[in-house]
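Reader: I would like a close look at one part of this protein. Please take the meeting of its two domains, and then whatever helps me place it.

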Amino acid sequence: MFDEIQFDRIKRLPKYVFAEVNELKMARRRAGADVIDFSMGNPDGDTPEHIRQKLIESAQKTKTHGYSASKGIPKLRQAICDWYKRRYDVDLDPETEAVATMGSKEGYAHLAYAITNPGDVVVVPDPTYPIHSYAFILAGGNVQKMELPFDEDYKVDEDLFFERLETAFHVSFPKPKYVVVNFPHNPTTATVTPEFYTRIVEMAKRERFYIISDIAYGDLTFDGYKTPSILSVPGAKDVAVESFTLSKSYNMAGWRVGFFVGNAKLIGALQKIKSWLDYGMFTPIQVAATIALNGDQTCVQEITDKYDHRQDVLLEAFNRSGWPVRRNQSSMFVWARIPECARHLGSLEFSKRLLVEANVAVAPGIGFGDYGDEYVRLALIENDKRIRQAAKNIKNFLQQFDCKGSE
Ligand SMILES: Cc1ncc(COP(=O)(O)O)c(C=O)c1O
């Protein structure tokens, strides 16, 4: 009915490939299969006890039950700024340079909505966490892609990155207004050095664009690697905002707490649009989030250690099963290049076959962009025993391909 009534905005969204794998996964489960699920970055651990207790305590105080503050209660915004000061020695004004969001995903959607004029161009490295590009596409903008260059140890080739970024600026019309960067990177786990940010801030000032940096996995680092922040670069606040989330560091994915800090013009735009759209997170969640950021950080190290250990278990088991994968320095993922003998299938077909024939669910790389199609992403959310079981299933699965002699 009413065929003339069409939803153009929604039409700009392609079919969600993850939904396809997800439907298949549910169907397998309904049929009784024990699917080992690495497909989504949804932490399997509990939110630490002291954070849960604070939520309960605050929820019992009935004064916390009304509408809250859309940009975040003052104590949470102060805790966010203190966290940056402790960690990166960056000074931020909680009134004008910080905003709490309902998970950082909501922040991306609404920031892009607030700052994108029709036809504005954003540069987003490919592959990417989908909201980094689709937030802008939904807002009426266009994405100039560039392939993210990284080596076999998941380190960004920074010279090549800037070569490609310069090219993206030369080929794009109109000139890009925004660049989104995300290191440690989802899905590739790739990392950068602090100099990377010095260079991009310098380029932003020269070419006149804003940078949006996402450090969602900033806490989850191994082997001595420490995540740098763009805001540590002197003058970065002139051109950059940065986002973080409590979802991963504190196993709080379902609580929906994240934040954006930095450039007052962009933060102001996000605060303003949110003031029109929402009344803020439930206050007890904000109080508990304040405790998470201000409190003992032992839990963060424990969560990090778990992913570090699981990565070891997975790499060892996968190597034995005929799927060699190298170690990364960060995140809760493994970005695994499909064994050469099966690469011709493409990541979606490979993922579907792996699910149906080996009961192992992974995220197909194509879901993160065209340049992801030789890879799949595995989230380290299954325990050691199930990781090893998955590797056994995969070994049998790979036997149908002629993998001998391939890397
Ligand atoms: C790179 C990156 N940024 C942001 C998010 C969104 O996190 P949340 O909305 O839970 O804060 C995710 C979630 O997986 C992510 O991978």
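Author: The assignment splits the protein into domain 1 (8–46 + 299–398) and domain 2 (66–294). Keep in mind that this is a predicted model. The centres of the two domains, taken over C-alpha atoms, lie 26 Å apart. Domain 1 brings 35 residues to the contact, and domain 2 brings 37 residues.

Now the area. The size of an interface is often given as the accessible area lost when the parts come together. Between domain 1 and domain 2, about 3400 Å² is buried. Carbon and sulfur atoms carry 58% of that area. On the domain 1 side, Arg12, Gln329 and Tyr371 lose the most area to domain 2. Together these three make up 21% of what that side buries.

Charge plays a part too. Four salt bridges are counted between domain 1 and domain 2. As for individual pairs, the side chains of Glu152 and Arg326 form a salt bridge, with 3.7 Å from N to O.

Next, a helix that falls within the bounds of domain 1. Helix 2 covers residues 17–30, which is 14 residues. From first C-alpha to last, helix 2 reaches 20 Å, close to the 20 Å expected at 1.5 Å a residue. Four of its residues are buried: Val17, Phe18, Val21 and Lys25. They sit on the same side of helix 2, because they cover an arc of only 100 degrees around the axis. On the other side of helix 2, Glu23 and Arg30 are exposed. What do the buried residues of helix 2 pack against? Their partners are strand 1 (36–37), helix 13 (346–358), strand 10 (360–361) and strand 11 (363–364). Just after helix 2 comes Gly32, with a positive phi of about 95 degrees.

Last, a glycine from domain 2. Gly280 is in the loop between helix 10 (264–277) and helix 11 (283–294). Is Gly280 buried or exposed? Gly280 is buried, because its relative accessible area is 19% and the cut-off for buried is under 20%. Look along the chain as well. Gly280 and Ser70 are 210 residues apart in sequence, yet their C-alpha atoms are separated by 3.6 Å. Ser70 is also one of the residues in contact with Gly280, once neighbours within four places in sequence are left aside. The others on that list are Ser68, Ala69, Met102 and Gln286.

Technical notes. Residues are numbered from 1 along each chain as its sequence is written. This is a predicted model: local features need pLDDT of at least 70, side-chain atom pairs count only at pLDDT 80 or more; totals for chains, interfaces and linings use all residues. Side-chain values use heavy atoms; hydrogens and water are left out. Helices (H or I, at least four residues) and strands (E, at least two) are DSSP runs, numbered from the N terminus. The expected span of a helix is 1.5 Å times one less than its number of residues. Buried means under 20% relative accessible area, exposed over 50%, partly exposed in between (1.4 Å probe, protein chains only). The arc is that of the directions from the helix axis to the C-beta atoms. Contact means heavy atoms within 4.5 Å. Domain bounds come from an automatic or database domain assignment. Buried area is the accessible area (1.4 Å probe) that two parts lose on being put together, summed over both.
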